[in-house]
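User: I've got this model open and would like to go through it piece by piece. Could you take my questions as they come?

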Amino acid sequence: MAKNKIFGLYQELRKKYGHPKGQWVLWCRRPKTNKEKEEVIIGAILTQRTNWRNAELALANLKKAGIDSLKDIYKSGLKNENQLALLIRPSGFYRQKADCLWGLAKFILENYGGLKKLGEIDLLKSREDLLKQKGIGPETADSILLYALGKPVFVIDEYTRRFVKKYLLTNNRDYRFIQELFEKNIKKDFRLYQDFHALIVIDGKNK
DNA sequence: ACCCAGGTGGCCC
DNA sequence: GGGCCACATGGG
């Protein structure tokens with residue numbers, strides 16, 4: 001029942017918008033190098049409850065300061081407590097986000113030695129590990145898994161909640177409930193998940 | 001002078 | 001389990 005309906009909605013969005021554009025070109029082109037993946041992770045944190053424009057301003061400040069990897073973030077935090085926070089100021093909630101970025105960088109480097117290993121372990125375990133980090137909740141964890149690491153995990157955000165309500169899929173707002181609605185009813189393909197979620201956000205902004 | 005934007009965590013009941 | 005609140009900037 002829901003299976004055909006949900007995939008049909010995806011096809012309609014594709015017909016309407018084509019391939020995701022804007023920031024989504026970066027995220028949906030499936031970042032290959034470690035540096036590209038790490039940039040997606042940093043962006044996922046910076047854009048929490050913040051429009052992408054402001055996240056980009058913060059990202060640009062980091063790049064200008066020569067910080068564009070988890071290792072750079074970790075070193076910056078060691079050297080100067082406030083540097084990160086000051087650089088990412090335009091993204092809002094900047095003290096929390098600076099703590100989050102540094103904590104995540106430290107965790108990944110100390111526990112896995114880098115991003116590669118995190119992407120190789122059991123998916124459930126990596127999700128749990130991410131969720132234990134302060135400042136990383138389900139949406140950010142799943143964004144990292146889906147867009148940086150290419151794992152088949154459907155990302156749920158406010159746009160997705162409005163989407164499922166609008167198209168009468170469910171009124172339930174629970175994260176896992178909506179996530180399972182998607183994951184159980186469309187092919188488990190990370191490329192489909194990436195594009196579908198991007199299109200839901202694009203459609204949600206299109207008033 | 002409002003209102004909003006890819007959330008998260010803490011505290012309360 | 002759900003309801004409220006702090007966290008903060010830049011643009012309309």
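What follows is a run of questions and answers on this predicted model.

User: How many of the 11 residues of helix α10 are buried?
Analyst: Helix α10 covers residues 138–148 and is largely enclosed by the rest of the structure. The buried set includes T140, D142 and Y147. A residue needs 20 or more other C-beta atoms within 10 Å to be called buried. By that count, the number for α10 is nine.

User: Which helices do the buried residues of α10 pack against?
Analyst: The residues in question are T140, A141, D142, S143, I144, L145, L146, Y147 and A148. Their packing partners are α2 (23–28), α3 (34–46), α9 (123–132) and α13 (190–205).

User: Is α9 oblique or roughly parallel to α10?
Analyst: The two helices pack at an angle of about 135°, with their axes 9 Å apart. Angles under 35 degrees would be roughly parallel and those over 145 roughly antiparallel, with 65 to 115 set aside as roughly perpendicular. The α9–α10 angle therefore makes α9 oblique.

User: What is the handedness of the crossing, and which residues of α10 make the contact?
Analyst: α9 passes α10 in a right-handed crossing. From α9, the contact uses S126, R127, L130 and L131. The α10 side is P138, A141, I144 and L145.

User: How many nonpolar residues are in that contact of α9 with α10?
Analyst: Sorted by class, the contact has one polar and one charged residue. The nonpolar count is six.

User: Which element gives the most to the surface near DNA strand B?
Analyst: Strand B is surrounded by 23 residues, and the closest are Q48, N51, G137, E139 and T140. The elements giving two or more residues to this surface are α2, α10 and α13. With four residues, the top contributor is α10.

User: How many charged residues does the surface near DNA strand B have?
Analyst: The surface near strand B divides into seven nonpolar and 10 polar residues, plus a charged group. That charged group numbers six.

User: Which residues come nearest to DNA strand C?
Analyst: There are 13 residues around strand C, and by class they are four nonpolar, four polar and five charged. α4 (52–64) and α7 (94–112) each supply at least two of them. The nearest ones are P90, G92, F93, R95 and Q96.

User: Where does R49 lie, and what is its phi?
Analyst: R49 sits in the loop between α3 and α4. R49 is exposed, as there are 9 other C-beta atoms within 10 Å. Its phi is positive, in a residue other than glycine, with a value near 50°.

User: What about L168: buried or exposed?
Analyst: L168 belongs to the loop between α11 (158–166) and α12 (175–183). Its phi is near 60°, again a positive value in a residue other than glycine. The cut-off for exposed is 12 or fewer other C-beta atoms within 10 Å. L168 has 8, so the answer is exposed.

User: What separates the C-alpha atoms of K116 and N34?
Analyst: K116 is in helix α8 (residues 115–118). K116 is exposed, with 11 other C-beta atoms within 10 Å. K116 and N34 are 82 residues apart along the chain, while their C-alpha atoms are separated by 7.6 Å.

User: How far apart in space are R30 and I6?
Analyst: R30 is in the loop between α2 and α3. With 14 other C-beta atoms within 10 Å, R30 is partly exposed. R30 and I6 are 24 residues apart in sequence, and C-alpha to C-alpha the distance is 23 Å.

Technical notes: Residues are numbered from 1 along each chain as its sequence is written. Chains are lettered from A and ligands numbered from 1 in the order in which they are written. This is a predicted model: local features need pLDDT of at least 70, side-chain atom pairs count only at pLDDT 80 or more; totals for chains, interfaces and linings use all residues. Two residues are in contact if their C-beta atoms, placed from the backbone, lie within 7 Å. A residue is near a molecule or strand if its C-beta atom, placed from the backbone, lies within 6 Å of it. Ala, Val, Leu, Ile, Met, Phe, Trp, Tyr, Cys and Pro count as nonpolar, Asp, Glu, Lys and Arg as charged, and the others, Gly among them, as polar. Axes are lines fitted to C-alpha atoms, for helices over the stretch in contact, and angles run from 0 to 180 degrees between N-to-C directions. A crossing is left-handed if the near helix is turned anticlockwise from the far one by less than a right angle, and right-handed if clockwise.
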